[in-house]
Amino acid sequence: MPKRVAVIDIGSNSARLVIYQRTSRYGFHLITQQKSRVRIGEGAYEAGGRLQSAGIRRAFGALHSFSHTLREYKVHKVHCVATSALRDAPNRGDFLRLVRERLGLKIRVIDGEKEAAYGAVAALNLLPLSDAVTVDIGGGSTDMALIRNGRIIATHSLDLGTVRIKELFTDAGRPPKEARAYIRQRLAALPESFRGVLAVSIGGTGRALARGVMLRNDYPFDKIHAFEYSLKKEKDYIQTVSKASLEDLPGLFIKQNRADTIREGALIFLEVLRHLDAEKVLVSGVGVREGVFLSDLLRNDGLRFPGGINPSLRSIKDRFDLLRLPEGNKQSIGRALFETLHSRFEGTKEEQRLLHDALSLSNIGKMLTIYKEHQHAFYIAMQELNYGYTHSQMLTIALLMRSKGDSLYYKPLWRRYKKLLPSKESIKWLSFAYTLTLILYENSSHARITFEWEEKDTLLIHSDRPLYLAHEAIESMEKPGKIDVRLDDGWEESCTGEISS
C-alpha cells in the first residue's frame, strides 16, 4: 500500500478530504484534512432528487481545491466516494463526467449498504467494542450496521437524513409530528435483529450532540472519540435540541455551523435510539473515510487488525520512539513485578495490559529532549493514543507515563481526571510498577530479575547482574503504602579491591 493515501468523501452536506501517512504495515496517522459545506443535495429532494446548479458549483469548487492539495502533498493513491445525494440524483452522470474530465478524479458512488459497512469497519477497528449497532446520520440517509462478537453481521440504509427532513418538513412548514411519523415509518423497515444496548454514533450530528453533552456536564477530557454516555441521562437534552429555536441553540452548546440541521438530526437520532432499545451511546470520531482507508489497508487481513496490533500504539512508536531499543526484557520485568505485587493490590488483567502498553511507549518523550521526558510522553499519549481504548484507559496509560521516581503520580492531573481513572490506590501501585520497572531495565537491559516478598512488607529484588545506580534510585523513589524495597544484585561482592588513600 502506498505511503500517502487520500480519501475524498462527498456527502449531502459536506465534502471532505483526508490524507493519511503510513508509518509501517499497520501504523498510520492523519496529516491533513479539509472540509467544505457544499450542500450538494440542497434543493434536490424537492426536485425529484436532481442536483441543482448551486450545489453542483459548490461541490466542483471544493473538489478543484482538493485536487491542488493532493498534488501539494504528493499523494500516491486517492479513493473518492460519494453517498446519498449523488446516488439519488438522476443527473449524477453529468456531474461525475465533469469532475473526471476537468479534475481527473474518478468518483465511486456507493450505496447505503456499503456506506454502512465502511462506518462499521472503522468503528470495529478503532473503538473498544464487540457488540453494537452503528448509526450514521447523514444529510440524505441513515446507515446502520449490526455488530455481534466482533463481526459485522448485517447492514441497512434508510432514506432518513438531516437535509432530507429539513427540506421535506421544516422548510415546508409542516409540523414536527409529521416528520416524526415519517421517520417511524421508515424505521419500520429495519430488520428485527437490529436491536442493541450500545449504539455507536457516527457522523457530524452525533458528534455535535455529544459535544453538547460533554460541555453541559463539565466532562474533563477534551476528546470526542470513544466518549460514552447514558441515553437515560441525556435524552431530555437531545429532545430539547430537537425542539429549540435557532436562537436558543448556542445556549445548548451547538455551534453555528451545525445549527441549520441539528434539530432534524436530533429528532432522527432519538427515534433511531428508541427503535433500537439502546441504553448507551458510544461516540465515534471515525466513519466512512476511515472505513474506506482501512478496507484497503486490511484487505488481506479480513478487514480486522491482527490480534495484538493497536494502530495508535504502532503509529506512536513508529514516529516518536527513535531509540528502537529491544523491549522483551522490559516487559518481562514489568509482568513479573505486576504478578508479585498482586498479593498487595488486586490489579486486574486490564490494568496489567495498560501497564504493558505504557512501558511499550516509555521512550517516546525522549524524541523531543531527555529533559522532562516524562512530561513530553504524557502529552504525546494524551493527543495520539486514540484508537481501541476507552477514555479511562487512555488517561491511565498517559498518567503512568507522567510518573517519575520521586512522585508516583502527578497529583493535579489525578484530581482533574479522577472520575475517569481507577482508584487512587490502583494508580499508586501501577505507577510504582511502571517506575520501578524502568529503573531496573535502564540500569541493565539484559539482567535476569525476579521478585519475592521478604517478611511482611519488604519487596526483595534479585538480579544476576550488578545494578549499582538502581540502589540510589530505588531508595529515593516514592513507594505505595509502607513497603520497603531491597535489591539483591551482588554489586558489593563484585568489587575486586579497595581504593587506598
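## The largest pocket

In this predicted model, the elements that each supply at least two residues of the lining of the largest pocket are the strands β2 (15-22) and β3 (28-36) together with the helices α7, α10, α11 (311-320) and α14 (373-384). Among these contributors α7 holds the largest share, with seven residues of the lining. The space in this pocket comes to about 1200 Å³, and 42 residues line it, with Q33, R207, R211, I224 and G285 lying nearest its centre.

When the lining of the largest pocket is sorted by class, 17 residues are nonpolar, 13 are polar and twelve are charged.

## The second largest pocket

The second largest pocket holds about 610 Å³ of space. It is lined by 24 residues, and those closest to its centre are G308, I309, N310, P311 and L313. Two or more residues of this lining come from each of α4 (112-126), α11 and α13 (349-360), so that α11, which also supplies at least two residues to the lining of the largest pocket, is found again here. The classes in the lining of the second largest pocket are ten nonpolar, eight polar and six charged residues.

## Enclosed cavities

Beside the pockets, there are two cavities of 30 Å³ or more in the model. The largest cavity contains about 400 Å³ of space, and of the 26 residues that line it, D9, D136, G138, G204 and R289 are the closest to its centre. At least two residues of its lining come from each of β6 (132-137), α7 (204-216) and α10 (288-297), and α7 gives the most, with three residues. Helix α7 is thus a contributor to this lining as well as to that of the largest pocket, where it supplies seven residues. By class, the lining of the largest cavity is made up of four nonpolar, 15 polar and seven charged residues.

The second largest cavity has a volume of about 60 Å³, and its lining consists of N13, S14, K35, R37, N257, R258, D260 and T261. This lining has no nonpolar residues, and divides into four polar and four charged ones.

## Nonpolar cores

In soluble globular proteins, nonpolar side chains tend to be buried together. Here the largest nonpolar core has 119 residues, of which F432 and L440 touch the most other members. Helix α17 (residues 424-443) gives the most to this core, with eleven residues. If neighbours within four places in sequence are left aside, F432 is in contact with L341, L408, L459, M477, E478, K479, P480, I483 and V485.

A second core, separate from that one, has 29 residues, and V75, A82, L105 and V163 are included in it.

## Helix α8 and its surroundings

How far apart should the ends of helix α8 (residues 231-243) be, given its 13 residues? At 1.5 Å a residue the helix should span 18 Å, and because its end C-alpha atoms are 17 Å apart, the model agrees with that expectation.

The buried residues of α8 are L231, E234, Y237, I238, V241 and S242. These buried residues pack against the helices α7 and α9 (259-276) and against the strands β10 (228-230) and β11 (280-283). Helix α7, one of these packing partners, is also the element that gives the most to the lining of the largest cavity.

Methods
Residues are numbered from 1 along each chain as its sequence is written. This is a predicted model: local features need pLDDT of at least 70, side-chain atom pairs count only at pLDDT 80 or more; totals for chains, interfaces and linings use all residues. Side-chain values use heavy atoms; hydrogens and water are left out. On a 1 Å grid over the protein atoms alone, a cavity is a set of points where a 1.4 Å probe fits but cannot get out, and a pocket is an open set with protein on both sides within 12 Å along at least five of seven lines; lining residues have an atom within 4 Å of a point. Grid points are joined across faces, edges and corners, and a volume is the space filled by probe spheres set on the points. Helices (H or I, at least four residues) and strands (E, at least two) are DSSP runs, numbered from the N terminus. Ala, Val, Leu, Ile, Met, Phe, Trp, Tyr, Cys and Pro count as nonpolar, Asp, Glu, Lys and Arg as charged, and the others, Gly among them, as polar. A nonpolar core is a set of buried Ala, Val, Leu, Ile, Met, Phe, Trp, Tyr and Cys residues joined through side-chain atoms within 4.5 Å. Buried means under 20% relative accessible area, exposed over 50%, partly exposed in between (1.4 Å probe, protein chains only). Contact means heavy atoms within 4.5 Å. The expected span of a helix is 1.5 Å times one less than its number of residues.
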